[in-house]
Amino acid sequence: MAKKDMASSGPKAHVHVFDIVNYIVFVILALIIIVPIWKVVVDSFNAVGVYQFKLWPTQPTLGGYQTILSTSKLYRPFLNSVITTVFGTLLGLVMSTLGGYVLCQFEMPGREAMAFFLLFTMIFSGGMIPEYLVMKQLHLTNNMWILVVKHGMNVYNLVLMRNFFEGIPASLFEAAEIDGCSPMGIFFKIVLPLSKAALASIGLMYAVTVWNDYSTVQIYITTRDQVNFQYILRVMVMDGDTPTSGYKVSQNTLYYAAIVMAILPFMILYPFLQQYFVTGVNIGAVKE
Amino acid sequence: MSKKVTTTSTGAEIRHKPLGMRIWNHRGYYLMFLPVLIYVLIIYYWPMLGIRYSFYDYTLKKMEFVGLKHFQSLFRDRDFWRSFKNTLELSVTKLLITTAASVLVSVFINEMHNLTVKKGLQTIIYLPHFMSWTVTAAIFTLFLSTSSTGMVNETLKSWGVIKDSIDFLHSTSLWRPVFYLVNIWKETGWGTVIFLATLSGINPELYEAADIDGATRMQKIWYVTVPALLNTVIIVLILNLAKVLNMFESVFVMYNNRVFEVSDVISTYIYRKTFLTAIPNYGYTTAVGLFKSLVGCLLVLVCDAASKKIRGRGIM
């Protein structure tokens with residue numbers, strides 16, 4: 001990169017017009033993303049609803065968050081979201097690592113058929129209604145565990161996992177086999193410890209999917225104590241149906257506080273785990 | 001006799017032992033696959049049996065074979081064709097404009113030589129991708145609202161641009177532009193990931209050679225950067241074209257009954273016909289779903305063939 005830098009911009013003193021334009025473009029792009037998010041955060045702490053963009057709240061308050069944390073109809077969905085996200089991610093990781101590991105056993109008879117068995121589900125599906133009817137038979141409608149079951153395995157993530165495992169040197173497996181290690185032993189002692197980065201990024205993909213899922217709840221769940229936070233956010237803001245009496249704060253403050261709560265877990269994790277958010281794509285894209 | 005020899009993806013040779021012995025040697029692996037097998041059978045394959053309902057009248061009270069009746073009424077249903085047309089228009093337009101925006105932004109990011117600034121912007125523009133559609137729609141519903149706290153309307157009014165508030169999300173002429181803009185806001189940044197990966201793979205010697213030939217900055221972008229991206233653009237378009245019919249949540253959280261004409265897509269149509277109808281006929285909506293699955297399947301196969309032709313590798 002440094003070499004290219006030297007070559008393209010020549011002597012340091014020479015500032016190219018393009019560089020100035022580029023900095024301006026960068027500032028505009030950053031503002032387009034940051035301004036809406038910043039307004040949401042500021043207004044969630046502001047006791048009065050204002051239309052203007054303010055850098056800081058004019059009447060600071062924590063009332064929006066207090067209302068959410070003290071109204072069971074609002075914090076219960078938040079807990080449901082946390083629980084389903086944790087278990088959905090765990091189940092997803094177990095399934096995709098197991099499947100991915102088995103699918104990279106090149107000598108195993110039937111490997112191709114097993115791969116096709118999985119990949120076919122990416123091409124064709126029963127569709128929304130037959131899926132709904134099956135879940136209904138399994139008593140998973142009106143039940144928040146539907147979120148865990150629905151996202152408990154994603155074939156695409158399994159394929160990403162397999163691609164990652166294929167990059168582990170085969171000599172490691174052979175050495176372990178010679179030492180009398182069982183397939184499970186190899187899986188736990190060699191494969192998983194070497195795959196921490198892949199586990200982190202695919203785990204994040206599952207977590208984001210389950211946490212952000214709204215349509216599954218909309219289709220499968222009607223009882224209010226089983227819904228997740230995304231659902232309650234939608235009901236409040238778009239349908240204007242706020243499940244709380246007597247406001248401590250303006251409705252606007254409550255809405256914005258709810259939006260912040262709905263993105264909070266990933267806003268906290270994102271700066272530290274950004275590399276894992278991105279590597280998932282690269283495992284898929286770079287593999288040839 | 002000669003043993004059959006195959007090679008793995010890494011090029012290592014495998015000497016095949018007899019089949020029975022290989023199966024026995026892998027018994028542990030089959031056992032490990034069992035949970036995945038059961039899970040996939042229940043969650044993905046069992047619903048496929050439900051496809052037969054598309055040939056039945058299936059309501060809460062009865063289940064009766066009706067042959068192709070649902071498909072006949074489906075093809076005559078104006079609302080269905082409207083949703084089919086909307087699905088294609090919305091998702092293809094969305095795909096083209098967000099891809100174009102991503103390419104443009106990637107080129108700018110690629111030209112930034114201050115690494116801290118570059119990383120900083122990437123961090124910021126990836127952010128909206130991880131926000132749910134509900135959150136995104138909630139933010140923009142509040143910003144675009146006609147109430148006294150709606151940022152867009154009130155700001156435009158205070159500047160004297162408009163006199164009365166515009167109800168963006170309830171207007172048939174404005175719903176689509178808003179939908180596309182929200183999509184651009186949410187997905188452009190993330191879309192750059194794959195283009196930037198391509199750009200980081202460009203041989204620096206190409207730029208050096210261009211320098212020697214006296215190329216300007218714009219010429220280098222046009223003759224080196226852009227051609228390098230073209231192949232990736234085509235791949236991205238093919239990969240996403242296979243999924244165009246899947247559009248659901250992004251529309252569902254932003255549409256409303258006043259803009260069905262321009263926003264209703266196949267999945268939202270199926271949803272309403274099943275869950276917002278007094279006496280739903282599961283048979284009919286299953287038939288709509290089957291039609292969508294079949295067309296979707298066809299699209300995947302076409303895109304897979306195109307992908308194999310262009311880059312020698314399928315889409316899966």
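Buried residues make up 41% of the 288 residues in chain A, where buried means 20 or more other C-beta atoms within 10 Å of the residue's own, exposed means 12 or fewer, partly exposed lies in between, and C-beta atoms are placed from the backbone. This is a predicted model, in which local features need pLDDT of at least 70 and side-chain atom pairs count only at pLDDT 80 or more, while totals for chains, interfaces and linings use all residues. Residues are numbered from 1 along each chain as its sequence is written, and chains are lettered from A and ligands numbered from 1 in the order in which they are written.

**Exercise 1. Describe the fold and spread of chain A.**

Step 1. Helices (H or I, at least four residues) and strands (E, at least two) are DSSP runs, numbered from the N terminus. On that basis chain A has 14 helices and zero strands.

Step 2. The radius of gyration is taken over C-alpha atoms, and the globule rule is 2.2 Å times the number of residues to the power 0.38. For 288 residues the rule gives 19 Å, but chain A has 24 Å, so chain A is more spread out than a compact globule.

Step 3. The C-alpha trace of chain A spans about 70 × 70 × 35 Å along its principal axes.

Step 4. Two residues are in contact if their C-beta atoms, placed from the backbone, lie within 7 Å. Among contacts in chain A between residues at least 6 apart in sequence, 76% join residues at least 24 apart.

**Exercise 2. Check the length of helix H11 of chain A and decide whether it is enclosed.**

Step 1. Helix H11 of chain A covers residues 196-212, which is 17 residues. The expected span of a helix is 1.5 Å times one less than its number of residues.

Step 2. This gives 24 Å for H11(A), and the end C-alpha atoms are 24 Å apart, so the two agree.

Step 3. Twelve of the 17 residues of H11(A) are buried, so the helix is largely enclosed by the rest of the structure. Among them are A:Ala198, A:Ser201, A:Tyr206 and A:Trp211.

**Exercise 3. Which residues in the loop between H6 and H7 of chain A have a positive phi?**

Step 1. Most residues other than glycine have a negative phi, and most peptide bonds are trans.

Step 2. A:His139 is not a glycine, yet its phi is positive, about 60 degrees. A:His139 sits in the loop between helix H6 (128-137) and helix H7 (146-151) of chain A. A:His139 counts as exposed because it has 10 C-beta neighbours inside 10 Å.

Step 3. A:Asn142, also not a glycine, has a positive phi of about 55 degrees. A:Asn142 belongs to the loop between H6 and H7 of chain A. A:Asn142 is partly exposed because 14 other C-beta atoms lie within 10 Å.

**Exercise 4. Describe chain B, its domains and the setting of B:Leu181.**

Step 1. Chain B contains 14 helices and four strands, and 36% of its 316 residues count as buried. The mean pLDDT (the predictor's confidence in each residue, from 0 to 100) of chain B is 89, and 95% of its residues reach 70 or more.

Step 2. A compact globule of 316 residues would have a radius of gyration near 20 Å, but chain B has 26 Å. The C-alpha atoms of chain B fill a box of roughly 90 × 80 × 35 Å, taken along the principal axes.

Step 3. Chain B is assigned domain 1 (5-65) and domain 2 (76-311), with bounds from an automatic or database domain assignment. The centres of these domains of chain B, taken over C-alpha atoms, are separated by 34 Å. Eight residues from domain 1 of chain B and eight residues from domain 2 of chain B take part in the contact.

Step 4. B:Leu181 lies in helix H8 (residues 175-200) of chain B. B:Leu181 counts as partly exposed because it has 13 C-beta neighbours inside 10 Å. B:His170 is eleven residues from B:Leu181 in sequence, and their C-alpha atoms are 16 Å apart in space.

**Exercise 5. What does chain A contribute to its contact with chain B?**

Step 1. The contact takes 83 residues from chain A and 86 residues from chain B.

Step 2. Helix H14 (residues 251-286) of chain A gives the most to the chain A side, with 14 residues.

Step 3. Ala, Val, Leu, Ile, Met, Phe, Trp, Tyr, Cys and Pro count as nonpolar, Asp, Glu, Lys and Arg as charged, and the others, Gly among them, as polar. By these classes the side of chain A that touches chain B has 56 nonpolar, 18 polar and nine charged residues.

Step 4. The model scores ipTM 0.88 and pTM 0.89.
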